[in-house]
Amino acid sequence: MTTVVLADDEVLLRKALAALLPLEGEITVVAEAEDGESAVRETLRHRPDVLVIDLEMPGVDGLGAVAQIRRERPEQVILMLTRHARPGVLRRALKLGVQGFVSKSAEPAHITSVITTLHEGRRWIDPDVSALAVIDDNPLTDREIDVLRVTGDGYSVADIAARLHLAEGTVRNYLSNAMQKTQTRTRHEAARYAREHDWL
């Protein structure tokens, strides 16, 4: 029997999956979570075989929740449900060690088989998800993405430098490069442009 924590802010979808997954295979849903914070809490409390988590949730999103869980429970097996497989997001999820990606439109039987696959120690990325991940036109480096992400949160150059453990001059260089690549005039415009293009 595979134990699962199910995290998704769409109540109808979450309840449907919670009801259908046990019918499709040897699965027990031990807890449900409606946002990232409760996903972290329920996962650390129940220690499921597999965490099934939606990418886009209010407050702490799926990636934020995964990052927190990884710190406490690095061995946790994670299946991410997604509607929009953006290249930058997929890269970040893979860096965080997410083992599986499935489209939210997938049949419950398919999600069940993927849960079993991950529980057996293998990986799975749906073909439609991986195809989108390959289309990557992001010209920004990882460090430029880091400084733009923190810029988007409204921090000053000094704050960004402190948060990322970089010199202020280095941060300015990264921001300048990012502004040139995005052809924007300010770091906030660059951050907005990068976010609109799904690079952050």
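What follows is a chat about a predicted model, its sheet, its helices and a few single residues.

Biologist: Before we start, what kind of model is this, and how are the residues numbered?
Modeller: It's a predicted model, where local features need pLDDT of at least 70, side-chain atom pairs count only at pLDDT 80 or more, and totals for chains, interfaces and linings use all residues. Residues are numbered from 1 along each chain as its sequence is written, and side-chain values use heavy atoms, with hydrogens and water left out.

Biologist: OK, the sheet. What's the strand order?
Modeller: The order is 2-1-3-4-5-6, in an open sheet of six strands with parallel pairing. Strands here are DSSP runs of E with at least two residues, helices are runs of H or I with at least four, and both are numbered from the N terminus. Two strands pair if DSSP finds at least two bridges between them.

Biologist: Which strands are at the edges?
Modeller: Strand 2 (27–33) and strand 6 (124–125), each of which pairs on one side only.

Biologist: And how many bridges does strand 1 make to strand 2 and to strand 3?
Modeller: Six bridges join strand 1 to strand 2, and four join strand 1 (residues 2–7) to strand 3 (residues 50–54). For example, Thr-2 stands opposite Ile-27 in strand 2, while Leu-6 has Val-52 in strand 3 as its bridge partner.

Biologist: Is strand 1 mostly buried or exposed?
Modeller: Five of its six residues are buried, so strand 1 is largely enclosed by the rest of the structure. Buried means under 20% relative accessible area, exposed over 50%, and partly exposed in between, using a 1.4 Å probe and protein chains only.

Biologist: Switching to helices. At what angle do helix 7 and helix 9 pack?
Modeller: Helix 7 (residues 142–152) and helix 9 (residues 168–182) pack at about 95°, with their axes 9 Å apart. The axes are lines fitted to C-alpha atoms over the stretch in contact, and angles run from 0 to 180 degrees between N-to-C directions. The two helices are therefore roughly perpendicular to each other; that label covers 65 to 115 degrees.

Biologist: Who's touching whom there?
Modeller: Helix 7 brings Arg-143, Glu-144, Val-147, Leu-148 and Thr-151, which meet Val-171, Tyr-174, Leu-175, Asn-177, Ala-178 and Lys-181 in helix 9. Contact means heavy atoms within 4.5 Å.

Biologist: What about helix 5, what span should it have?
Modeller: Its twelve residues (108–119) should span 16 Å, and its end C-alpha atoms are 16 Å apart, which agrees. The expected span is 1.5 Å times one less than the number of residues. Helix 5 is followed by Gly-121, whose phi is positive, near 95°.

Biologist: Which residues other than glycine have a positive phi?
Modeller: Arg-47 is one of them, with a phi of about 45°, and Gln-183 is another, near 55°. Arg-47 sits in the loop between helix 2 (36–46) and strand 3 and is partly exposed at 48% relative accessible area. Gln-183 lies in the loop between helix 9 and helix 10 (187–196) and counts as exposed at 76%.

Biologist: Where's Gln-76, and is it buried or exposed?
Modeller: Gln-76 is in the loop between helix 3 (62–72) and strand 4 (77–82), and it is buried at 1% relative accessible area. Leaving out residues up to four places away in sequence, Gln-76 touches several others, including Thr-43, Asp-49 and Gln-99.

Biologist: Last one: what does Val-89 touch?
Modeller: Leu-55, Leu-63 and Leu-200, again not counting residues up to four places away in sequence. Val-89 is in helix 4 (residues 87–95) and is buried at 5%. The C-alpha atoms of Val-89 and Trp-199 are separated by 7.6 Å, although the two are 110 residues apart along the chain.

Terms used:
Parallel < 35°, antiparallel > 145°, perpendicular 65-115°, else oblique.
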